[in-house]
Amino acid sequence: MKKCVIMPDSFKHTMTSIEICEIIARKIIQFYPDCQTIKIPVADGGEGTTDCYIAAVGANRIDLTVSGPYGDPLNVYYARQRDTAVVEMAQAAGLPLVEDRQNPALTTTYGVGEMILHAVNGGCKSIIIGLGGSCTNDAGAGMASALGVRFFDKTGKSFIPTGATLDQVEKIDRSKSVQMLKGCSIVAMCDIDNPMYGPEGAAHVFAPQKGADSDMVQKLDNNLKHIASVIDRDIDIDVSHLPGSGAAGAMGAGVVAFLNGRLESGIQTMLDLVQFDQTVKNADLIITGEGRIDGQSIRGKVVIGIAERASKSNIPVIAVVGDIGPGADLAYSMGVSSIFSTNRRAVPFSEARKTSREDLSATIDSILRFQKIFD
């Protein structure tokens with residue numbers, strides 16, 4: 001083997017994609033000392049997306065202080081490479097930030113808007129926003145407010161809406177933000193297709209995970225319906241049933257409506273950012289992976305996204321995962337060559353996670369020993 005590309009996602013609650021790259025690379029060098037080994041940690045928009053981009057392309061880390069979910073000062077960072085910025089919304093509005101204060105009716109995405117504003121003011125023309133892991137349900141109104149969008153109540157007073165007050169919005173004016181973002185391309189990395197509201201929408205599906213009870217869920221859902229109607233009237237965009245508009249507390253809808261952005265596959269966006277097609281040219285093998293692969297992975301997760309692109313160049317793809325669930329075999333028709341689990345013993349996850357690094361290393365060892373048979 002002369003060239004191998006390592007491109008894993010993280011194993012949630014066990015290993016980061018950067019750690020996984022290092023473990024696999026050490027084993028490859030052990031068996032193939034002369035192999036060109038390329039490490040590209042990847043993510044599809046959720047936690048760790050910024051770090052992956054920094055590690056993969058050597059982007060600059062930009063540190064700043066913004067408003068947290070409840071307005072408290074919060075230290076965050078984003079990645080910048082030339083005029084491209086990668087902003088992870090969970091840095092400023094992620095669920096872990098609120099700890100035991102979960103309340104999607106009151107939390108805001110204002111800090112996310114401040115991160116974007118900092119990048120734009122710094123000269124960035126391409127803004128990539130990773131959606132995922134939010135503690136909010138404000139349809140991105142907080143983010144939009146930080147970028148100059150104005151929301152008015154029935155008395156004509158402007159305010160910054162939260163999930164609880166979206167129903168008070170009577171008028172939206174985004175003229176200032178349109179001018180501010182002129183010439184900018186804004187893309188949100190989004191890998192879910194939930195609509196903005198309704199039984200499969202942001203409030204009903206995701207708000208309970210953020211601390212909402214049944215009454216709050218219904219209130220939040222009604223408020224999203226209201227703001228969608230105002231958006232349709234004042235901005236002339238119907239985001240209500242746009243696939244992915246329910247992502248990150250309906251921030252998917254906000255990116256499209258308030259920032260004139262677009263929603264794209266998270267992994268495909270990341271692969272474009274790291275120049276995947278050029279990077280894997282003449283590779284003998286790609287090793288990827290994630291914590292679990294199952295039938296849901298076929299909808300565009302990291303492993304499948306990589307396999308589909310790699311199949312166009314006839315490059316074998318090995319997926320090394322923590323758990324193999326029902327429907328995983330569908331991955332073989334999507335470009336995956338083989339799937340291996342790192343679970344070497346029949347123990348609960350709480351036990352398996354303690355030896356995840358050793359188990360990953362041992363699994364790669366076994367794969368490469370088998371590979372050597374055919375060299």
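In which hand, left or right, does helix 10 pass helix 12? In this predicted model, helix 10 passes helix 12 in a right-handed crossing. The axes of helix 10 (residues 266-273) and helix 12 (residues 302-311) cross at roughly 55 degrees and come within 9 Å, which makes helix 10 oblique to helix 12. On the side of helix 10 the contact involves I267, Q268, L271 and D272, and on the side of helix 12 it involves V302, G305, I306, E308 and R309.

A second pair is formed by helix 1 (residues 17-31) and helix 14 (residues 356-373), which pack at an angle of about 35 degrees with their axes 9 Å apart; helix 1 passes helix 14 in a right-handed crossing. Among the residues that meet here are I20, I24 and K27 of helix 1, and L360, I364 and D365 of helix 14.

The residue classes of the two contacts, and of a pocket lining discussed below, are as follows.

| Site | Nonpolar | Polar | Charged |
|---|---|---|---|
| Helix 1 with helix 14 | eight residues | two residues | six residues |
| Helix 10 with helix 12 | four residues | two residues | three residues |
| Lining of the second largest pocket | seven residues | two residues | one residue |

The second largest pocket has a volume of about 200 Å³, and its lining consists of D284, L285, P316, I318, S338, F340, I367, F370, Q371 and F374. Strand 16 (338-341) and helix 14 are the elements that give two or more residues to this lining, and the largest share, three residues, comes from helix 14.

How values were computed:
Residues are numbered from 1 along each chain as its sequence is written. This is a predicted model: local features need pLDDT of at least 70, side-chain atom pairs count only at pLDDT 80 or more; totals for chains, interfaces and linings use all residues. Side-chain values use heavy atoms; hydrogens and water are left out. Axes are lines fitted to C-alpha atoms, for helices over the stretch in contact, and angles run from 0 to 180 degrees between N-to-C directions. Helices (H or I, at least four residues) and strands (E, at least two) are DSSP runs, numbered from the N terminus. A crossing is left-handed if the near helix is turned anticlockwise from the far one by less than a right angle, and right-handed if clockwise. Contact means heavy atoms within 4.5 Å. Ala, Val, Leu, Ile, Met, Phe, Trp, Tyr, Cys and Pro count as nonpolar, Asp, Glu, Lys and Arg as charged, and the others, Gly among them, as polar. Angles under 35 degrees count as roughly parallel, over 145 as roughly antiparallel, 65 to 115 as roughly perpendicular and the rest as oblique. On a 1 Å grid over the protein atoms alone, a cavity is a set of points where a 1.4 Å probe fits but cannot get out, and a pocket is an open set with protein on both sides within 12 Å along at least five of seven lines; lining residues have an atom within 4 Å of a point. Grid points are joined across faces, edges and corners, and a volume is the space filled by probe spheres set on the points.
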